Amino acid sequence: MSDVSLTVNGKRVSGSAEDRTLLVHFLREHLGLTGTHVGCDTSQCGACVVHVDGRAVKSCTMLAVQASGSTIVTIEGLADGAELHPVQAAFKEHHGLQCGFCTPGMIMTATDMIARHPEGLDEATVRAELEGNICRCTGYHNIVKAILAASETMAKGAKGKAKQAA
Amino acid sequence: MYSVNYHRASSVAEAVKLLKNGDAKLLSGGMTLIPAMKTRLAAPSDLVDVSRLKDLQGVKVSGKTVTIGAATTHYEVSTDEKLKKVCPALAHMASLIGDPAVRHKGTIGGSIANNDPAADYPAALLALGATIITSKREIAADKFFKGLFETALKEGEIVTAVSFTAPAKAAYQKFRNPASRYAIVGVFVTKGKDGVRAAVTGAGDDGVFRSKEIEAALAKNFDASALDGLKVPAKGLMSDIHASADYRANLIAVMAKRAVASANA
């Protein structure tokens with residue numbers, strides 16, 4: 001057993017877990033944050049993607065104790081109260097989900113992707129960057145649309161803020 | 001996963017000591033080791049995490065000399081601006097590993113110490129004539145990669161960095177398995193002051209290897225046309241559900257041509 005201390009969605013949390021406990025199980029079972037899903041459990045499908053110290057990682061392929069000391073953001077940490085994060089809003093607007101199982105991972109991957117491409121995204125880049133996330137409902141068309149739309153909205157938002165600051 | 005004891009090392013020296021615990025294994029990005037533990041293909045008693053050691057981080061470029069710390073992630077290698085200037089081929093290669101989330105965790109030291117026969121870095125380091133620096137010594141890439149999942153590393157020896165001189169020209173081309181993203185065939189070619197080197201991953205029965213045929217043809221003329229009609233022997237190549245040895249032999253020539261064209265572009 002080891003002590004695991006994390007900052008999750010802005011809150012400091014700690015607990016004790018077996019060393020073999022995966023981060024995704026710690027989030028779901030110890031912290032009750034069940035928005036992060038376990039899909040394939042073999043690091044392929046991306047349903048478990050969360051941000052660890054600002055980078056998208058597959059939480060089914062990391063031990064909770066490895067993450068101790070890190071800052072984590074999960075799907076529960078994106079919305080601002082009742083106001084959806086722009087990526088969440090875009091998935092809703094563009095029908096980027098059907099059953100919703102892959103959606104938390106898709107959205108965490110998308111927010112990371114948009115952050116890493118401040119110059120903007122094109123369809124080919126989005127499709128290539130989504131290779132670690134699998135949707136088994138209907139394909140990726142609307143997911144790609146949603147990510148492109150969110151990327152534009154967020155770029156405009158950033159410009160607006162810059163203007164306000166100036 | 002079987003029960004395991006986790007240790008976070010605070011120095012390379014401490015990691016060497018911790019490795020003496022039972023059947024301990026080093027943990028870096030964990031992108032191979034953790035899946036292997038989950039499927040119980042690996043069952044170490046202890047894990048020694050070196051991924052946060054400051055001494056093992058980052059890409060350093062000094063003139064043409066590149067040194068990459070063992071715990072540098074694929075993402076960091078793929079986006080390093082200094083590296084992109086002197087050896088864009090290696091940054092490009094790193095951008096082709098796994099998917100973005102895997103690249104955020106997986107490390108160069110972990111990749112080469114594991115020496116998966118379909119991993120990308122072994123081909124790159126062999127073609128670059130790199131030196132692998134460990135807690136004990138320096139090993140030439142030609143002597144480091146020994147076979148399937150086998151390296152020259154001794155018990156308790158830790159890869160701390162890799163170093164190489166950026167060649168005048170280099171490129172990597174890989175034909176990926178569409179599911180795993182591992183190479184069915186990957187070819188890394190370089191043209192430097194010591195001549196042409198071409199290393200092949202994903203194909204050899206005994207892991208990564210240098211192709212004499214490609215190197216001989218390119219030594220005369222470093223141009224894709226020099227490989228026209230090149231026959232790579234299928235002997236010693238892997239046959240599996242993904243591709244036969246003959247198919248891989250053909251792919252090696254195709255990937256080598258594309259790599260040379262890209263290195264000259």
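Start at Phe149(B). This residue is partly exposed, because 13 other C-beta atoms lie within 10 Å, a count between the cut-offs of 12 or fewer for exposed and 20 or more for buried. Its loop runs between strand E8 (145-147) and strand E9 (150-151) of chain B. Check the backbone here. Phe149(B) has a positive phi of about 55°, although it is not a glycine.

Keep in mind that everything on screen is a predicted model. The predictor gives the complex an ipTM of 0.94 and a pTM of 0.95. Colour chain B by confidence: the average pLDDT is 97, and 100% of its residues score at least 70.

**Stop 2: the domains of chain B**

Select residues 5-49 of chain B for domain 1, then residues 168-265 for domain 2. Put a distance between their C-alpha centres. The two centres are 34 Å apart.

**Stop 3: helix H11 of chain B**

Now pick residues 245-264 of chain B. This is helix H11, with 20 residues. How far does H11 reach from its first C-alpha to its last? The span is 29 Å, close to the 28 Å expected at 1.5 Å a residue.

Show the side chains of its buried residues. Early in the helix, these include Arg248(B), Ala249(B), Leu251(B), Ile252(B) and Ala253(B). Further along, Met255(B), Ala256(B), Lys257(B), Ala259(B), Val260(B) and Ala263(B) are also buried. Arg248(B) and Lys257(B) are worth a click, as they are charged and still appear among the buried residues of H11(B).

What covers these buried residues? The cover includes strand E11 (169-176), strand E12 (183-192) and strand E13 (195-201) of chain B. Helix H10 (212-220) of chain B is also part of it. Add these elements to the view one at a time.

**Stop 4: chain A as a whole**

Hide chain B and show chain A as a cartoon. Its secondary structure comes to 6 helices and 5 strands. Along the sequence, the order is β-β-α-β-β-α-β-α-α-α-α. The radius of gyration is 16 Å, close to the 15 Å that the globule rule gives for 166 residues, so chain A is as compact as a globular protein of that length. Along the principal axes, the C-alpha trace spans about 50 × 40 × 25 Å.

Colour by burial next. Of the 166 residues of chain A, 45% count as buried. A contact map adds another view. Among contacts in chain A with a separation of 6 or more, 60% join residues 24 or more positions apart.

**Stop 5: Leu22(A)**

Zoom in on Leu22(A). It sits in the loop between strand E2 (11-17) and helix H1 (23-30) of chain A. Is Leu22(A) buried or exposed? It counts as buried, because it has 25 C-beta neighbours inside 10 Å and the cut-off is 20 or more.

Select its contacts beyond four places in sequence: Ser59(A), Cys60(A), Met62(A), Leu63(A) and Ala64(A). Then pick Thr42(A). Leu22(A) and Thr42(A) are 20 residues apart in sequence and 12 Å apart in space, C-alpha to C-alpha.

**Stop 6: the two domains of chain A**

Colour residues 2-77 of chain A as domain 1 and residues 86-161 as domain 2. Their C-alpha centres are separated by 21 Å. Where they touch, 15 residues of domain 1 of chain A are in contact with 11 residues of domain 2 of chain A.

Look at the domain 1 side. Strand E3 (49-52) and E4 of chain A are the elements that give two or more residues to it. E3(A) supplies the largest share, 3 residues. By class, this side has 7 nonpolar, 7 polar and 1 charged residues.

Between those two strands, stop at Asp53(A). It is in the loop between E3 and E4 of chain A. Its phi is positive, about 50°, although it is not a glycine. Asp53(A) is partly exposed, because 13 other C-beta atoms lie within 10 Å.

**Stop 7: where the chains meet**

Bring chain B back. Select the 20 residues of chain A that are in contact with 16 residues of chain B. On the chain A side, strand E4 (55-58) and helix H2 (64-67) are the elements that give two or more residues. Which of them gives the most? E4(A) does, with 4 residues. The chain A side divides into 6 nonpolar, 7 polar and 7 charged residues.

Technical notes. Residues are numbered from 1 along each chain as its sequence is written. Chains are lettered from A and ligands numbered from 1 in the order in which they are written. This is a predicted model: local features need pLDDT of at least 70, side-chain atom pairs count only at pLDDT 80 or more; totals for chains, interfaces and linings use all residues. Domain bounds come from an automatic or database domain assignment. Two residues are in contact if their C-beta atoms, placed from the backbone, lie within 7 Å. pLDDT is the predictor's confidence in each residue, from 0 to 100. The radius of gyration is taken over C-alpha atoms; the globule rule is 2.2 Å times the number of residues to the power 0.38. The expected span of a helix is 1.5 Å times one less than its number of residues.
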